[in-house]
Amino acid sequence: MSPSAASHHRSHSLLLLQKLLNLRDKASPLTLILDNLEQPAHPVLNEFMTRAKISKAKIIFIALSTLKKPPLADVFIRGRHKSLQQLASEIIPHVTPSPSSPNQKNILLFDTIHPLLSIPSHLPSFLQSIIPPLTTSCLLVYHTDIPLLPQSNPYTPTPLSVLTHLSTSILTLTPLSHVLATKAAENKSLPAPVFGLHSSREGVLLSLRSPSSPQGVVITMELRRKSGRVVQEKFVLFPSPLTTTAQHRQQTKGIGGVILLSDHPVFSTETTEEEGEGIQATFNLGLTEKQRRDREGVVLPYFDAQTEVGGGEGGRILYDMGREDDFDEEEDEI
């Protein structure tokens, strides 16, 4: 990819993620976040809430596993042990546009969607009733490590299939330290490491991390455009540190940094090429100054065709016969 094309691709991809995080221009009415024990969705949810607070959007937090109200949330609804109808009746008054502020933007955050997956066929109607068009965006967190009960009807689609079909964007989260460890093993032609539950070790739920391990979240974005085209890209989110403001009794923080995964120093092609020049080998791949001068002084046969008169006419073959050549007037005469 040329430098100009790479720069355009980088700017375009970052703009798409920034629009999604800022929920600008109706980027995604329904966003599905796939997390796991190794990488929870809390940093990404905090990033969404921080940007929503800056844009003065109403943050409605539906707690199905959270006990305390997040400091950045405007409305806190407890949804544990409630039916879909009861939960919808509590959410709809907060997302319905009021006459005083008809263009008020709202963001619905479900900290987990698993308690609502008992009947997957009811999810589309439930989500349609609580997401008014143009003004509300919804974020659903799905824990991929939590197993679901088998369905009675084998032909019924799984809850994850229903959610991925309904979602306009899907964010898959992975710890940056795991991605870097996998890349390091790949560079050395070693098997990819396994972490946590995937290690299949008895009693192991989480992998150990040292305090010096890289902090960051790798986001695999799948954005579905209105035209039907799917945009896929990988990013690294560096959450900013938290700061507590006692005066306003709320938690505020700056916007986290976002880069393409390909721009990370470990994945950057420029860094790989520079490191490749210093590879230690048993033979020399370079040329000395004398060898370079000797190579430039060699006159190749086709250079004579450029100096001969009429050499640019085409179809002429310049060949000097040797003593061992047998001249044939019919075939060899030019």
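Which residues of strand 5 are buried on one side, and which on the other? I opened the notebook with that one, keeping in mind that this is a predicted model.

**Entry 1: strand 5**

I went through strand 5 face by face. On one side I found T136, C138, L140 and Y142, and on the other S137, L139, V141 and H143; all are buried, so both faces are covered. I took buried to mean under 20% relative accessible area. The count comes to eight of the eight residues, and strand 5 is therefore largely enclosed by the rest of the structure. The two-sided listing sits well with a general rule: side chains in a regular strand alternate between the two faces of the sheet.

**Entry 2: its neighbours**

Next I looked up what strand 5 pairs with. Strand 1 runs parallel to strand 5, and six bridges join the two. Strand 4 also pairs with strand 5 in the parallel sense, over five bridges. C138 turned up twice in my notes: C138 is the bridge partner of L30, and L108 stands opposite C138 as well. Further along, I noted F110 opposite L140.

**Entry 3: the whole sheet**

I then stepped back to see the sheet. It is open and has nine strands, in the order 3-2-4-5-1-6-7-8-11, with mixed pairing. At the edges I found strand 3 (75-78) and strand 11 (257-260), each pairing on one side only. Ignoring direction, neighbouring strands are turned by 20 degrees against each other on average.

Which strands does helix 5 touch? I found helix 5 (residues 159-166) packed on the sheet, in contact with strand 1 (30-35), strand 5, strand 6 (169-175) and strand 7. The direction of helix 5 makes about 135 degrees with that of strand 1. Helix 6 (residues 176-187) lies across strand 6, strand 7 and strand 8 (230-238), and runs at about 70 degrees to strand 6.

**Entry 4: the largest pocket**

Last, I checked for open space. The largest pocket has a volume of about 610 Å³. Its lining counts 31 residues, and R24, D25, K26, A27 and S28 are the closest to the centre. Strand 5 (136-143) appears here again: with helix 1 (3-22), helix 2 (42-54), strand 4 (106-110) and strand 7 (217-224), it is one of the elements that give two or more residues to the lining. Which element gives the largest share? That is helix 1, with four residues. I also sorted the lining of the largest pocket by class, and got 14 nonpolar, eight polar and nine charged residues.

Notes: Residues numbered from 1 in each chain as written. Predicted model: local features only at pLDDT ≥ 70, side-chain atom pairs only at ≥ 80, totals over all residues. Heavy atoms only, no water. 1 Å grid on protein atoms, 1.4 Å probe; cavity = no way out; pocket = protein on both sides within 12 Å on 5 of 7 lines; lining within 4 Å. Points joined across faces, edges and corners; volume = space filled by probe spheres on them. Nonpolar A, V, L, I, M, F, W, Y, C, P; charged D, E, K, R; others polar. Pairing = 2+ DSSP bridges. Axes fitted to C-alpha atoms, helices over the stretch in contact; angles between N-to-C directions. Contact = heavy atoms within 4.5 Å. Buried < 20%, exposed > 50% of the residue type's maximum accessible area, 1.4 Å probe, protein only.
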